[in-house]
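Trainee: Could we go through this model together, with the reasons behind each label?
Mentor: Gladly, let us take the labels one at a time.

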Amino acid sequence: MKTCVIYASKTEATKKCAYKIQKALHCDIFDLDVEDINPENYDFIVIGSPIRMGMIHKNVKKWVHNNLSVLLRKKTALFVCCGFEENKEKYFQENFPKELVSAALTTETFGGEIDLKKQKGIEKMIVKKALSTHPKEVKLNEENINLFLEKVQSEIL
Ligand SMILES: Cc1cc2nc3c(=O)[nH]c(=O)nc-3n(C[C@H](O)[C@H](O)[C@H](O)COP(=O)(O)O)c2cc1C
């Protein structure tokens, strides 16, 4: 089954996860910040995005919107990198078309990484405030990543 990973990333956590999946699946990978891609050439498409201010990356949103009819004819799996995994349902329901979320083989949160040094201005202040009231450390959720990979692998192998 011809497979690819499509992603966009701001501070590279999503990129890291996307490459982990690509390596495990030995498949193609595309960064939507660099190139557009036609999903028609693939049977299985993994889509990944960071969450910022409750929203997915604008390039992922646009690409999914532009390619929705094709994506609904393919096998898909969706993941987001985020600090607050407890908002999983909200992030998927509010950011991806409902029919894509229902059709996806799996939807998963991969946790995230926050490096305050990489943030500037108002964003730095917002993140600092959010972190001060958040009880858990923000880190990548290896368990969820592996679970996601197992599901995708069992489908394509
Ligand atoms: C400015 C900013 C806003 C964020 N907003 C949210 C948010 O609304 N919800 C959330 O769960 N995580 C939020 N996060 C955490 C990111 O989702 C997390 O850092 C993720 O790993 C970013 O992925 P990336 O490195 O691929 O850009 C935010 C992070 C930053 C820097």
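**Cysteines, ligand and backbone**

Mentor: The sulfur of C4 is 6.8 Å from the closest cysteine sulfur, that of C27, which is too far for a bond. Before you ask more, note that this is a predicted model: local features need pLDDT of at least 70, side-chain atom pairs count only at pLDDT 80 or more, and totals for chains, interfaces and linings use all residues. Residues are numbered from 1 along each chain as its sequence is written, and side-chain values use heavy atoms, with hydrogens and water left out.

Trainee: Why is the sulfur of C4 too far from that of C27 for a bond?

Mentor: A disulfide is a pair of cysteine sulfur atoms within 2.5 Å. C4 has its closest cysteine sulfur at 6.8 Å, so there is no bond. C82 is in no disulfide either, with the sulfur of C81, its nearest, 7.5 Å away. The count for the structure is 0 disulfides.

Trainee: What makes C82 count as buried?

Mentor: Buried means under 20% relative accessible area, exposed means over 50%, and partly exposed is in between (1.4 Å probe, protein chains only). C82 has 4% relative accessibility, so the buried label applies. C4 is buried as well, at 0%.

Trainee: On to the ligand: which residues come nearest to it?

Mentor: S9, T11, T14, I51 and E113 come nearest, out of 22 residues around the ligand. Here a residue is near a molecule or strand if one of its heavy atoms lies within 4 Å of it.

Trainee: What puts T14 in polar contact with the ligand?

Mentor: A polar contact is a pair of N or O atoms within 3.5 Å; within protein, one must be able to donate a hydrogen and the other to accept it, and residues adjacent in sequence count only if both atoms are side-chain atoms. A polar side-chain atom of T14 lies 2.6 Å from an oxygen atom of the ligand. I51 uses a polar backbone atom, 2.6 Å from a ligand oxygen, while a polar side-chain atom of Y91 is 2.7 Å from a ligand nitrogen. The ligand taken alone exposes 630 Å², and the protein buries 95% of that; these areas come from the Shrake-Rupley method with a 1.4 Å probe, and for residues only the protein chains shown count as cover.

Trainee: Which strand gives the most to the shell around the ligand?

Mentor: Strand 3 does, with 3 residues. Helix 1 (13–25), strand 3 (44–52) and helix 5 (121–132) each supply at least two. Helices (H or I, at least four residues) and strands (E, at least two) are DSSP runs, numbered from the N terminus.

Trainee: Where is H57, and is its side chain buried or exposed?

Mentor: H57 sits in the loop between strand 4 (55–56) and helix 2 (58–71). Its relative accessible area is 8%, so H57 is buried. The H57 side chain reaches the backbone nitrogen of N59 at 3.1 Å.

Trainee: What is notable about the phi of E12?

Mentor: E12 has a positive phi, about 85 degrees, although it is not a glycine. E12 lies in the loop between strand 1 (3–7) and helix 1, and its 46% relative accessibility makes it partly exposed. M53, also not a glycine, has a positive phi of about 50 degrees.

Trainee: Why is M53 called exposed?

Mentor: M53 has 53% relative accessibility, so it counts as exposed. Its place is in the loop between strand 3 and strand 4.
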